[in-house]
Amino acid sequence: MKVTFMGSGTSLGVPTIACTCAVCTSDDPKNKRTRPSLLVSIDNKNFLIDTATDFRQQAIRENLKRVDAVLYTHSHADHILGLDDLRPFNFFQRIHIPCFGNEPTMKYICNMFQYVFTDPQPGGSIPRIEPRVISGTFDFLNIPIRPLPVLHGKLPVNGYRIGGLSYITDCSEIPDDTYRLLEGTSVLILGVLRREPHPTHLNVDKALEIIRRVQPERAFFTHLSHDFDHDRANAELPDSVRLSYDGLSLEMEEAW
């Protein structure tokens with residue numbers, strides 16, 4: 001199983017518009033962060049987690065040729081606005097792309113992208129997707145996928161577990177039932193917005209508490225704001241915990 005960080009930034013991206021801080025003006029490419037998304041590739045099958053605002057840019061950068069399914073965490077703009085850029089994959093694959101998410105997420109996406117479910121005018125094109133509501137573990141293309149219900153403030157959102165990988169982005173609280181679903185995770189990816197506490201996101205201290213409880217072999221932070229200089233932040237973290245960056249790729253076992 002190959003895991004690729006398509007984007008590692010928060011909703012504003014880094015650099016942030018009009019900001020002149022040290023991170024936003026940094027020359028380090030690892031401090032250039034597009035909006036958050038993950039690609040999981042297993043046996044030539046590609047599972048995309050969220051269609052981030054910068055999806056087109058990310059797909060070109062990674063030379064992405066195929067998307068077999070999209071797993072949506074929730075319906076906030078930075079996680080869904082790249083949906084229209086699924087169209088080229090429709091053209092080349094000649095299939096409707098299944099899109100999975102919890103009921104509130106899929107309802108919102110269907111309302112926001114109403115044009116997707118109408119016939120285009122002659123000469124027009126629309127992304128062809130199949131919305132699918134999920135509420136528990138399911139198999140797709142013979143791959144077991146486990147939703148990880150968490151809270152983003154008061155909003156119920158999904159993380160996802162595939163094999164030994166668990167990915168949780170926008171999150172402020174993990175229920176006890178979900179901790180049980182995380183048992184045996186070897187690579188844990190958490191959205192960590194900033195250093196200071198935040199009402200709807202994890203900060204560094206809270207994320208480290210979660211890592212100590214789950215005890216993965218490795219952990220990575222994503223959904224990073226300009227609070228974090230890549231090298232400086234990594235120097236302050238435990239050896240098994242690292243900041244992600246756009247384009248970072250991991251090889252790991254698929255097994256649960």
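**Asking how the labels are earned**

Visitor: Why is Arg-61 called partly exposed?
Guide: Arg-61 has a relative accessibility of 34%, and that value falls between the two limits (buried is under 20% relative accessible area, exposed is over 50%, and partly exposed is in between, with a 1.4 Å probe and protein chains only), so Arg-61 counts as partly exposed. This is a predicted model, in which local features need pLDDT of at least 70 and side-chain atom pairs count only at pLDDT 80 or more, while totals for chains, interfaces and linings use all residues. Residues are numbered from 1 along each chain as its sequence is written, and side-chain values use heavy atoms, with hydrogens and water left out.

Visitor: What makes the contact of Asp-246 and Arg-61 a salt bridge?
Guide: Their side chains meet at 3.7 Å, N to O, and this satisfies the definition (a side-chain nitrogen of Lys or Arg within 4 Å of a carboxyl oxygen of Asp or Glu). Asp-246 lies in the loop between strands E14 (241–243) and E15 (249–251), and Arg-61 in helix H1 (residues 55–61), so the pair ties together parts that are 185 residues apart in sequence; helices and strands here are DSSP runs of at least four and at least two residues, respectively, numbered from the N terminus. With 17% relative accessibility, Asp-246 counts as buried, and a network of salt bridges links Asp-246, Arg-61 and Glu-62.

Visitor: How do you know that Arg-33, which is buried, has no salt bridge?
Guide: For Arg-33, the nearest side chain of opposite charge is that of Asp-246, at 6.4 Å, and that distance does not come within 4 Å, where Lys and Arg count as positive and Asp and Glu as negative. Arg-33, in the loop between strand E1 (2–7) and strand E2 (37–42), nevertheless has a polar contact of 3.2 Å with the side chain of Asn-31, a term for N or O atoms within 3.5 Å, one able to donate a hydrogen and the other to accept it, with neighbours in sequence counting only through side-chain atoms. The side chain of Arg-33 also reaches the backbone oxygen of Phe-228 at 2.8 Å.

Visitor: How many salt bridges does a search of the whole structure find?
Guide: The search finds 10 salt bridges, including one between Arg-66 and Asp-68, whose closest N and O atoms are 2.8 Å apart. Arg-66 is partly exposed at 34%, whereas Asp-68 is buried at 8%.

Visitor: Why is Glu-236 called exposed?
Guide: Glu-236 has a relative accessible area of 51%, so it is exposed. The side chain of Glu-236 meets that of Arg-195 in a salt bridge of 3.0 Å, N to O, and Arg-195 is partly exposed at 33%.

Visitor: What makes Leu-81, Tyr-108 and Met-112 a nonpolar patch?
Guide: Members of a patch need over 30% relative accessible area and no salt bridge, with nonpolar side chains joined within 5 Å and like charges within 9 Å; Met-112, in helix H4 (residues 103–112), has 39% and counts as partly exposed. Together the three have about 280 Å² of accessible area, computed by the Shrake-Rupley method with a 1.4 Å probe.

Visitor: How do you know that strands E7 and E8 pair?
Guide: Three bridges join E7 (residues 138–140) to E8 (residues 143–152), and pairing asks for at least two. The two strands run antiparallel and form a hairpin with two residues between them, where Leu-141 has a positive phi of about 55°.
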